[in-house]
Amino acid sequence: MNPAVSLRRIGLPRLLVHLSVLLICLLWLVPTFGLLVTSFREPQQIASSGWWTALTGSSQTSAVRLADAATARQGGANFIISGSVFTEGQQGQVQSFGTRVAAPSEFPAGQTADLGEGESLTVNEDGSYTYIKNAPFGGDRGKRIYLTTATPPSFTTENYRTVLTSQGIGQSFINSLTVAIPSTIIPILISAFAAYALSWMEFPGRGLIIALIIGLMVVPLQMSLIPLLKMYNDVGAFFGLPSRSYVGVWLAHSAFGMPLAIYLLRNYIAGLPKEIIESARVDGASDFEIFLKIVLPLSFPALASFSIFQFLWTWNDLLVAMVFLGTGKDQLVLTGALNALLGSMGGKWEILSASAFVTIIVPIAVFFGLQRYLVRGLLAGSVKGG
Amino acid sequence: MISQLVSAVGVVIAGVFVCALYYWFSDKLLQLVFPVREGDVRGASINLNRRAAVRPWLFLGPALILLGVYLVYPVIATFILSFYDRSGTAFVGAANYSWAVSDAQFRQSILNNILWLAVVPAACTFFGLVIAVLTDRIWWGNIAKSLIFMPMAISFVGASVIWKFVYEYRGGKETQIGLLNAIVQFFGGDPQVWISMPFWNNFFLMVILIWIQTGFAMVILSAALRGIPEETVEAAVIDGANGWQIFWKIMVPQVWGTIAVVWTTITILVLKVFDIVLTMTNGQWNTMVLANLMFDWMFRGGGDSGRAAVVALVIMAAVTPIMIWNIRQANQESGGR
């Protein structure tokens, strides 16, 4: 029996536990959910009402003018103006109306309002209205009235189409993949060989190298940026190449991920059963063959853990890509593009929310698909942060 | 666009191939240089020993070169650059350091970093521990854990967008579309511009990192809690301890080592926090932290590598005690093996 289970027998009322976990989960989910809902709403709705009203439909108050006196027709002793408060194609449901700004929802829809001076007005739920007066209408312009209308919940994928085609997010998506895939795979092979050497080969200085790698795991990225930027500029100038290239980012990501990779893989490879490796040696297998045929297949869980980390880290990285790939429109990775949009599209949440979800979707898919390996890796290598 | 992706995949395949070729070829070369001929027992054993001495370095070579060029050399170079002027050409002694001490923005960044360090690791560890204990006691605990762990996968920039929307402020009589202001308004308060409120805005930024990192703390601590021997808890139950006492006096002391690991890991992360501040405020309204100050000086007005190097060194100095502790810890483990 697990200690938590024993605690339960005496512990707090169980209902309270359920409720508090539910509350925490909600607290954790609501921000993301809000943005997700927003990304499917129409721009005008986003700006006029909170996302939490999206599921129930929103109601808004607006002013419209009725048709002018020229459209009046005579019916018996009365003059009548009729029509619809909605423009062509507009949907909605009138909840209430009023004629004074101080009381914009004075009358419920469908009720006939007596406006005095022989005037009466009826606005129905579907927007049609009848405005009756017992004498000719005066004035050039139509009467101004106030409406409270309910818009039914409506969702659209238009925002996603916009950001993918016209906001450069599509290009950035490709750029992010271009950065992340090689940056994940290159370090695995290199560090697997190194981890094997550090766990199954005897040579002077082994302990020192292991200590160095553990130390390098926490060296802040910031320490490397200035000298590397200078080095890239020099190398670029020397060979006449651009100093900012994908190759530069791949190598930088590979190197920055390498201490963690070697540490994780060494922990795992050193824990493989000694007998297997020794007996292969007795059979005359070279280290190269042992590594390729025995160690590599057996280390699959550790390799998977590390590649998930490295992929999430390179996909989500902003700093390395900004420094070594540049901030031009063609080189921006998704995080950089999103950051740029935050600056230029400040309040346009339809653009920002859809862009954010395009950047989030891949890591979330990786996360839910491969969570098992991610947790295992975390437990094995919890010395490094980020 | 697609051709770019195809070329990236091509690079991966070529890269893996070249790597494999390197390891294979260097191994063959080794056998060629130190041949083992039949009949020459003494020579063969000498050559076999030589091979065994060289081979580890062939395996380690690429990794050591990458680490050397991208991590070891830059640490030294940054240290040297901190004594040079903005372009890294003229020696200026300790001028950059005295600039840092007298610069208001630098001091502001240090204070903010200390604030972050005081709040974020503590909050993440505390929430992580509480959630780990609670979720272990209910049948849908794993689902709850997944949901709380999920922000780990979201980029800091993505998380910033998510929270910026929560903090959104609309001026005048407009409807508040940000959740926080809507809640404040619902309870009769006045909407605020949260991210430009001096001092308190730091905490609104910290919430984002806590939101991301609590899941990490929870996963690690949950595993540690499951490792607690059940006898200790049962003995406490028999002795009449209540749930609160068991949590604080039996469970927490036994996972103390794990708490330290979680705490230090998040501490390192906090020292490097950059994306959140960049996207939320870009260091305005007194929210500057060291990593952003450093980035700022790298590029501001053509860049000042001397001052940026000093800021980087401060971050490094803050990390060093943790680094030494990690190495000690690892040495003890391997010594006992």
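The largest nonpolar core holds 182 residues, and those touching the most other members are A:Phe193, A:Ala194, A:Tyr196, A:Ile262, A:Leu265, B:Leu221 and B:Met294. A nonpolar core here is a set of buried Ala, Val, Leu, Ile, Met, Phe, Trp, Tyr and Cys residues joined through C-beta atoms within 7 Å. A residue is buried if 20 or more other C-beta atoms lie within 10 Å of its own, exposed if 12 or fewer, and partly exposed in between, with C-beta atoms placed from the backbone. Helix H5 (residues 169–200) of chain A gives this core its largest share, 17 residues. Helices (H or I, at least four residues) and strands (E, at least two) are DSSP runs numbered from the N terminus.

Please keep in mind that this is a predicted model, in which local features need pLDDT of at least 70, side-chain atom pairs count only at pLDDT 80 or more, and totals for chains, interfaces and linings use all residues. Residues are numbered from 1 along each chain as its sequence is written, while chains are lettered from A and ligands numbered from 1 in the order in which they are written.

A:Ala194 is a good place to start looking: leaving aside residues up to four places away in sequence, A:Ala194 touches A:Ile262, B:Phe59, B:Leu60 and B:Ala63. Touching, or being in contact, is taken as C-beta atoms, placed from the backbone, lying within 7 Å. Apart from the largest core there is another one, of twelve residues, including A:Ile81, A:Val85, A:Phe97 and A:Ile145.

**Where the chains meet**

In the contact between the chains, 101 residues of chain B meet 97 residues of chain A. On the chain B side, helix H2 (residues 41–81) supplies the largest share, 17 residues. That side of chain B is made up of 75 nonpolar, 17 polar and nine charged residues. In this count Ala, Val, Leu, Ile, Met, Phe, Trp, Tyr, Cys and Pro are nonpolar, Asp, Glu, Lys and Arg are charged, and the others, Gly among them, are polar.

**The two chains side by side**

Chain A has 15 helices and nine strands, whereas chain B has 14 helices and zero strands. The radius of gyration of chain B is 27 Å, well over the 20 Å from the globule rule for 337 residues, so chain B is more spread out than a compact globule. For chain A the value is 33 Å, where a compact globule of 386 residues would be near 21 Å. The radius is taken over C-alpha atoms, and the globule rule is 2.2 Å times the number of residues to the power 0.38. The table adds a few more overall values.

| Chain | C-alpha extent along the principal axes | Buried residues | Contacts (separation 6 or more) joining residues 24 or more apart |
|---|---|---|---|
| Chain A | roughly 115 × 70 × 35 Å | 43% of 386 residues | 74% |
| Chain B | about 95 × 70 × 50 Å | 41% of 337 residues | 67% |

The domain bounds come from an automatic or database domain assignment. For chain A they are domain 1 (14–54), domain 2 (58–151) and domain 3 (160–380), and the centres of domain 2 and domain 3 of chain A lie 64 Å apart over C-alpha atoms. For chain B they are domain 1 (2–81) and domain 2 (96–335), with 40 Å between the centres, again over C-alpha atoms.

**Annotated segments**

The UniProt positions are given in the numbering used here, with shortened feature names, and annotations may be inferred rather than shown by experiment. An unreviewed UniProt entry places "domain: ABC transmembrane type-1" at residues 173–370 of chain A. Over residues 173–370, chain A is 81% helix and 0% strand, with end C-alpha atoms 21 Å apart. For chain B, an unreviewed UniProt entry lists several "transmembrane region" segments, among them residues 147–166 and 203–225. Residues 147–166 of chain B are 70% helix and 0% strand, and their end C-alpha atoms are 19 Å apart. Residues 203–225 of chain B are 100% helix and 0% strand, with end C-alpha atoms 30 Å apart.

**Local details in chain B**

Most residues other than glycine have a negative phi. B:Phe199, not a glycine, has a positive phi of about 70°. B:Phe199 sits in the loop between helix H7 (179–186) and helix H8 (200–226) of chain B, and counts as exposed because it has 12 C-beta neighbours inside 10 Å. B:Asn286 has a positive phi too, near 60°. B:Asn286 belongs to the loop between helix H12 (275–280) and helix H13 (290–299) of chain B, and its 17 C-beta neighbours inside 10 Å make B:Asn286 partly exposed.

Technical notes. Contact = placed C-beta atoms within 7 Å.
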